[in-house]
Amino acid sequence: MNNIAPRFTGKTVIVTGAGSGIGRATVERLAAEECRVVAVDVSEERLANLAEEVDGDIVTVTADIADPAAIAPIVEAAGDRIDGLANVAGIMDGFEPTADISDATWDRVMAVNVTGMMRLIRAVLPAMIAQGHGGIVNVGSEAGQRGSAAGTPYTTSKHAVNGLTVSTAFYYTPKGVRCNAVAPGPVATNIEAPFHSEWGATRIGPFLQTNVPAVAQPEQLAAAITWLLSDEASNVSGAIIPVDGGWAAI
Ligand SMILES: NC(=O)c1ccc[n+]([C@@H]2O[C@H](COP(=O)([O-])OP(=O)(O)OC[C@H]3O[C@@H](n4cnc5c(N)ncnc54)[C@H](O)[C@@H]3O)[C@@H](O)[C@H]2O)c1
């Protein structure tokens, strides 16, 4: 980092899922580039570890983004100025095909991966529009590009992330707010992906054993997310960028 000019001096960026994996790597990268970071996670313990282990101007907020009442305190913690929002928090399903979906799994996956993301975007837009600038980056997935990467709830939620991204970009790019997504392939994180369906495992197993590129490190995703948040990506909006080791090309 020593040879790179910091891109976020004086800026404030909200990062969800900040306690682990891609979100934590994003916080580390932003903090190292002189950003003030509002780090959000449902896990108080993970946020405590983050605050202890990572240097920088980091404000932690323990919140479940699926809870409508959790959104206002996150925005308040950012203050008047919100330069960026990295919507990283997300959960997997249990590789359930449609016939095996429980309402509980469907509702939780959609609430965290889609509805919480939408509410946060909705909440930061007034400040970004007033400023005349803002960068929003949503974390989608290769599961948002195909049907063979996860169960039906997660696949549906990540396709919805793509729609939320391009529609937000369409409406607000003219007001200076850019909205983009990254679509990771496999990344070494703490995300849990158990097999809850026999047919799901039977059907998807061979696809996960072939054609899936090597597992990436969270820092590789953080590099793409922070580039999209930065002014370097000033002409990029509405893009869904695969950061997946080439999986999208297969
Ligand atoms: N790891 C992969 O292979 C992979 C692949 C494609 C996409 N993704 C996506 O990347 C994003 C980050 O996942 P990760 O792999 O870093 O996982 P992770 O589990 O390591 O980190 C996710 C963090 O989000 C937090 N979180 C979960 N639900 C939350 C909620 N309701 N409110 C607030 N925080 C919550 C968790 O506590 C955790 O700290 C997710 O959107 C995921 O779908 C991951």
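How far is an oxygen atom of the ligand from an N or O atom in the side chain of Y154? In this predicted model, the distance is 2.6 Å.

Y154 has company. An N or O atom in the side chain of D41 also lies 2.6 Å from an oxygen atom of the ligand, and a polar side-chain atom of T189 is 2.6 Å from a ligand oxygen too. Taken alone, the ligand exposes 830 Å², and the protein buries 93% of that. Around the ligand there are 29 residues, and those that come nearest are S20, D41, D64, Y154 and T189. By class, this shell holds 14 nonpolar, 10 polar and 5 charged residues.

Where does the ligand sit? You will find it in the largest pocket. Helix 1 (21–32), helix 4 (103–131) and helix 5 (152–172) each give two or more residues to the shell around the ligand.

Now let's look at the pockets themselves.

| Pocket | Volume | Nonpolar lining residues | Polar lining residues | Charged lining residues |
|---|---|---|---|---|
| Largest pocket | about 1200 Å³ | 25 residues | 14 residues | 8 residues |
| Second largest pocket | about 190 Å³ | 6 residues | 6 residues | 2 residues |

The largest pocket is lined by 47 residues, with G90, I91, M92, I191 and E192 nearest its centre. Helix 1 gives the most to this lining, with 3 residues.

The second largest pocket has 14 lining residues, and G147, S148, A150, R203 and I204 are the closest to its centre. Here helix 6 (198–209) gives the most to the lining, with 5 residues. Helix 5 supplies at least two residues of that lining, and helix 5 also gives two or more to the shell around the ligand.

Definitions and conventions. Residues are numbered from 1 along each chain as its sequence is written. This is a predicted model: local features need pLDDT of at least 70, side-chain atom pairs count only at pLDDT 80 or more; totals for chains, interfaces and linings use all residues. Side-chain values use heavy atoms; hydrogens and water are left out. A residue is near a molecule or strand if one of its heavy atoms lies within 4 Å of it. A polar contact is a pair of N or O atoms within 3.5 Å; within protein, one must be able to donate a hydrogen and the other to accept it, and residues adjacent in sequence count only if both atoms are side-chain atoms. Accessible areas come from the Shrake-Rupley method with a 1.4 Å probe; for residues, only the protein chains shown count as cover. On a 1 Å grid over the protein atoms alone, a cavity is a set of points where a 1.4 Å probe fits but cannot get out, and a pocket is an open set with protein on both sides within 12 Å along at least five of seven lines; lining residues have an atom within 4 Å of a point. A molecule sits in a cavity or pocket if more than half of its atoms lie within 2 Å of its grid points. Helices (H or I, at least four residues) and strands (E, at least two) are DSSP runs, numbered from the N terminus. Ala, Val, Leu, Ile, Met, Phe, Trp, Tyr, Cys and Pro count as nonpolar, Asp, Glu, Lys and Arg as charged, and the others, Gly among them, as polar. Grid points are joined across faces, edges and corners, and a volume is the space filled by probe spheres set on the points.
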